[in-house]
Amino acid sequence: MSGFFGIRLARHLKKMMKYMRYVFNDHFILVCVFLLGGLGFYYSQVLKTLPANFVWGRPIVLLLWLALLQIGKIATLAEEADKVFILPKEPEMNHYLNRAMRYSFWLPLVVLGLMSGMSMPLVVVSTGWAFSTFAYFIVMLGLLKASHLRLQKYELYQISAGERHQWFGLWLVTSLLVIGLSLYTLPLAGPLTALVQFLLFYFMLNKKEQSVSLDWEKMIIVEKNRMHRIYQFIHLFTDVPEISSSVKRRKFLDPFLAKIKKSTQNTYLYLYARSFLRGSEYSGLFIRLVLVCGVILFFLKEFWISMGVSVLFIYLIGFQLIPIYTQFDYMVMTQLYPVPNEQKKQAVSRLVTVLLFAAALLFSVFVLIALPDVKEGLMIIVALVVEVILFARLYVPYRLKKMEA
């Protein structure tokens with residue numbers, strides 16, 4: 001069964017790599033680099049203002065690390081047919097799940113390493129310890145994550161909800177104590193106590209699994225939910241067949257459609273606007289990006305960082321909206337419309353312009369609230385207006401022409 005998991009894993013990784021080239025495109029990497037650079041600069045400036053032995057530093061780091069340990073679920077790669085065709089192999093499923101647990105460990109470990117490394121300057125400021133103590137902390141967090149995954153494996157068996165909550169509560173309390181010991185006593189105490197916790201969970205849960213059966217339905221549902229979250233993230237960048245967009249009536253948005261004059265010149269504008277307002281694919285994407293940027297801008301106090309974040313998000317929103325151009329290509333009736341193809345491009349440009357101006361308006365409100373200097377806020381507003389005009393007049397036609405090539 002361990003080899004069977006390897007076959008499924010190879011197929012799964014091949015599929016994910018196909019999507020990753022769309023996710024980690026030049027635009028996304030540019031946004032990530034700029035955001036990380038801006039946040040890193042802001043973080044370093046905040047650290048300079050903190051006093052030595054900052055009292056709140058350790059509680060903040062403790063809660064942050066405890067929250068980071070929740071990242072990463074066990075990837076069983078289970079499928080619907082398994083409860084029928086692999087059911088006779090249940091006695092051998094322990095090897096399959098152990099392989100799944102080992103595979104699921106590495107990505108959370110990388111995230112833990114990056115995020116705990118970013119929090120180390122705060123640890124150094126709060127404790128006065130050397131940065132080299134990071135080695136103890138990353139080993140501790142790795143062991144705590146391993147015990148968490150071991151608990152997730154046990155939860156795939158036929159156990160009651162009460163027992164599941166008890167074990168998770170025990171893991172949460174012991175993890176809190178382990179991190180607290182490492183931050184408030186000695187860094188070396190962290191990996192030592194985490195090792196004790198891992199060994200206790202490993203042997204105790206191994207013994208309990210021998211008396212219970214695997215819950216196939218639960219395992220399949222857990223894996224479906226895990227993959228659905230992954231597909232939702234990928235869906236922000238490209239179409240995913242596994243994610244089907246829903247359509248809702250949304251009658252309260254009809255006044256916006258009523259503003260579009262029902263004439264031949266507005267055929268595609270009406271179709272695109274209706275698709276955006278009543279579908280969940282592009283409207284959901286637009287709302288999520290606006291909310292994320294709005295929250296970031298609300299907490300930013302630096303002019304240049306606010307400028308960069310708002311400009312980049314306007315570009316990102318516009319870039320993600322352009323594929324709406326192909327929304328109706330699969331419909332035969334649109335091919336029969338006596339409407340020139342150039343009207344489609346004009347309709348997309350107008351729709352993107354309106355939506356970007358709406359996003360820019362919301363960003364302007366957040367900027368004016370967050371920045372102490374009104375003149376700086378007005379400068380960002382002017383930059384956003386110029387960007388929206390240039391994006392709609394120059395970049396959108398260029399991208400549409402490239403899509404048709």
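How many of the 21 residues of H6 are buried? The count is 17 of 21, and H6 is mostly covered. Buried here means under 20% relative accessible area, exposed means over 50%, and partly exposed lies in between, with a 1.4 Å probe and protein chains only.

## Basis of the description

This is a predicted model, in which local features need pLDDT of at least 70 and side-chain atom pairs count only at pLDDT 80 or more, while totals for chains, interfaces and linings use all residues. Residues are numbered from 1 along each chain as its sequence is written, and side-chain values use heavy atoms, with hydrogens and water left out.

## Overall form

The chain has 16 helices and zero strands. Helices (H or I, at least four residues) and strands (E, at least two) are DSSP runs, numbered from the N terminus. Along its principal axes, the C-alpha trace spans about 75 × 60 × 40 Å. Of the 405 residues in the chain, 45% are buried.

Contact is taken as heavy atoms within 4.5 Å. Among contacts between residues at least 6 apart in sequence, 83% join residues at least 24 apart.

## Surface and charge

About 22000 Å² of the chain is exposed, and carbon and sulfur atoms supply 70% of that area. Accessible areas come from the Shrake-Rupley method with a 1.4 Å probe; for residues, only the protein chains shown count as cover.

The chain carries 42 positive and 23 negative charges, and the mean positions of the two sets are 3 Å apart. Lys and Arg count as positive, Asp and Glu as negative, and His and the chain ends are not counted. Each charge is placed at NZ of Lys, CZ of Arg, CG of Asp or CD of Glu.

## Helices H6 and H13

The expected span of a helix is 1.5 Å times one less than its number of residues. For the 21 residues of H6, this gives 30 Å, and the end C-alpha atoms are 30 Å apart, which agrees. For H13 (residues 303–321), with 19 residues, the expected span is 27 Å, and the separation of its end C-alpha atoms is 27 Å, again in agreement.

In H13, 17 of the 19 residues are buried, so this helix is largely enclosed by the rest of the structure.

## Nonpolar cores

A nonpolar core is a set of buried Ala, Val, Leu, Ile, Met, Phe, Trp, Tyr and Cys residues joined through side-chain atoms within 4.5 Å. The largest has 52 residues, and Tyr272, Ile317 and Phe363 have the most contacts inside it. Helices H11 (267–278), H12 (281–299), H13, H15 (341–370) and H16 (374–404) each supply at least two residues of this core. H13 gives the most, with eleven residues. Another core, of 29 residues, lies apart from it; Val61, Trp167, Leu183 and Ala194 are among its members.

Leaving aside neighbours within four places in sequence, Ile317 is in contact with Phe286, Leu289, Val290, Leu356, Ala359 and Phe363.

## Two loop residues

Leu77 sits in the loop between helix H3 (57–68) and helix H4 (82–85). Its phi is near 55°, a positive value in a residue other than glycine. Leu77 counts as buried because its relative accessibility is 7%.

Gln158 belongs to the loop between helix H6 (134–154) and helix H7 (161–184). With 47% relative accessibility, Gln158 counts as partly exposed. Beyond its neighbours within four places in sequence, Gln158 is in contact with Val212, Ser213, Leu214 and Asp215. From Leu50, Gln158 is 108 residues away in sequence and 50 Å away in space, C-alpha to C-alpha.

## Residues in H7 and H9

Leu181 is placed in helix H7. Its relative accessible area is 36%, so Leu181 is partly exposed. Neighbours within four places in sequence aside, Leu181 is in contact with Leu186, Ala189 and Thr193. Leu181 and Thr193 are twelve residues apart along the chain, with their C-alpha atoms separated by 8.5 Å.

Helix H9 (residues 216–234) contains Tyr231, and Lys224 also lies in helix H9. Tyr231 counts as buried at 9% relative accessibility, whereas Lys224 counts as partly exposed at 47%. C-alpha to C-alpha, Tyr231 is 19 Å from Val111, with their positions 120 residues apart in sequence. Lys224 and Met307 are 83 residues apart in sequence and 40 Å apart in space, C-alpha to C-alpha.
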